Amino acid sequence: MVRFVHRLASVISEVFSNLTASVMLEMAGPLQRTLHSPQPGAGALRAERAEKGGAERGRAERAERGGAERGRAERCRKGRGGPGPALPGCGRWRQPLARAGSDMAASAVSNPSQLLPLELVDKCIGSRIHIVMKSDKEIVGTLLGFDDFVNMVLEDVTEFEITPEGRRITKLDQILLNGNNITMLVPGGEGPEV
Amino acid sequence: MASGGGGGGGGAGKMTDKEKKKKESILDLSKYIDKTIRVKFQGGREASGVLKGFDPLLNLVLDGTIEYMRDPDDQFKLTEDTRQLGLVVCRGTSVVLICPQDGMEAIPNPFIQQQDG
């Protein structure tokens, strides 16, 4: 009987995983509220409850949790990091933000030959990049990565001040460059020749 | 942990529905694709190049970019202090103006008062 319940649970969670995460969460919502808020590591407890007789509720909750995680993972992989800053690790953009300018997003996506700016920056990861700030400062380095705000992690960095003439500091290791003041990014750029 | 994930996922789902009705870009850049545009930035920089791509946040991809820099003694003569940058990404957060390259021309200063007497 126990084995049957477990097998049924895995079948149902597989079925649930085919639904979209949001639909499933709507379904599981009311069920979830009737349960007591579970401890984070109470997977075993939930399994016991499923065996004893809250079998349906236990199954739905486990499936919802698995589906939500899978949904989140899918969103990460596809790059649709919905609430951008709230999901660290979804920093690579494949498509424009769905929440900002749906019309423009539609026109941008429907034109496949168009190059998305953050895609171009993403392709530049691992190679040299030349960053022009709003002020008269430029940074040349190897791009290790960037995030939703285009804060950048760079390596082997040279900093240039344009007006006073001359190279400034050559920094090694890694720097985190705040994206607030970045104006332009030149992939493969070597910086001002002084 | 399950309730946190459920709350976050449900909230985000409802938000995108509402946002789709509200948000709409007022500028359609697709008509400028493959055309030369002039872009002005916060901080006084200017650049022009062929628009190759954009996103709703107004990040741009420009090809064959020429940057015009302002000098203290600059009355903004276009040929002075330019440099070729090639393929660049312009950050939308610092873009203040976009116009077609042939949509601008230099005119004599209309604000100079002619002193009589």
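**Exercise 1. Determine which residues I129(A) contacts beyond its neighbours within four places in sequence, and place I129(A) in a core.**

Solution. In this predicted model, once neighbours within four places in sequence are set aside, I129(A) is in contact with C124(A), I139(A), V140(A), G141(A), L143(A), M152(A), L154(A), L185(A), V186(A), P187(A), G188(A) and G189(A), where contact means heavy atoms within 4.5 Å. The next step is the largest nonpolar core, which has 20 residues, and in which V121(A), I129(A), I131(A), M152(A), L154(A), L177(A) and L185(A) touch the most other members. Such a core is a set of buried Ala, Val, Leu, Ile, Met, Phe, Trp, Tyr and Cys residues joined through side-chain atoms within 4.5 Å, buried being under 20% relative accessible area, exposed over 50%, and partly exposed in between (1.4 Å probe, protein chains only). At least two residues of this core come from each of α6 (117-123), β1 (128-133), β2 (137-146), β3 (152-161), β4 (167-177) and β5 (182-187) of chain A. Another core, of 19 residues, lies apart from it and includes M184(A), F54(B), C90(B) and I98(B).

Before the next exercises, the conventions should be stated: residues are numbered from 1 along each chain as its sequence is written, and chains are lettered from A and ligands numbered from 1 in the order in which they are written. Local features need pLDDT of at least 70 and side-chain atom pairs count only at pLDDT 80 or more, while totals for chains, interfaces and linings use all residues, and side-chain values use heavy atoms, with hydrogens and water left out.

**Exercise 2. Establish which strands pair with β5(A), and through which residues.**

Solution. Helices (H or I, at least four residues) and strands (E, at least two) are DSSP runs, numbered from the N terminus, and two strands pair if DSSP finds at least two bridges between them. Within chain A, β5(A) pairs with β1(A) in the antiparallel sense over five bridges, and L185(A) in β5(A) is the bridge partner of I131(A). Across to chain B, two bridges join β5(A) to strand β4 (residues 82-90), again running antiparallel, with V89(B) as the bridge partner of L185(A). As for cover, five of the six residues of β5(A) are buried.

**Exercise 3. Trace the salt bridges of E161(A) and E67(B), and describe where their partners lie.**

Solution. A salt bridge is a side-chain nitrogen of Lys or Arg within 4 Å of a carboxyl oxygen of Asp or Glu, and the whole structure holds nine of them over all chains. For E161(A) the partner is K137(A), with the closest N and O atoms 2.9 Å apart; this pair links strand β3 to strand β2 of chain A, 24 residues apart, and K137(A) is partly exposed, at 22% relative accessible area. For E67(B) the partner is R45(B), with the closest N and O atoms 2.6 Å apart; E67(B) lies in strand β3 (residues 60-68) of chain B, whereas R45(B) lies in the loop between β1 (36-41) and β2 (46-54), 22 residues apart. Both E67(B) and R45(B) are buried, and through shared partners E138(A), R45(B), E67(B) and R83(B) are joined into one network.

**Exercise 4. Summarise the order of elements and the burial of chain A.**

Solution. Chain A has six helices and five strands, in the order α-α-α-α-α-α-β-β-β-β-β along the sequence. Of its 194 residues, 43% are buried.
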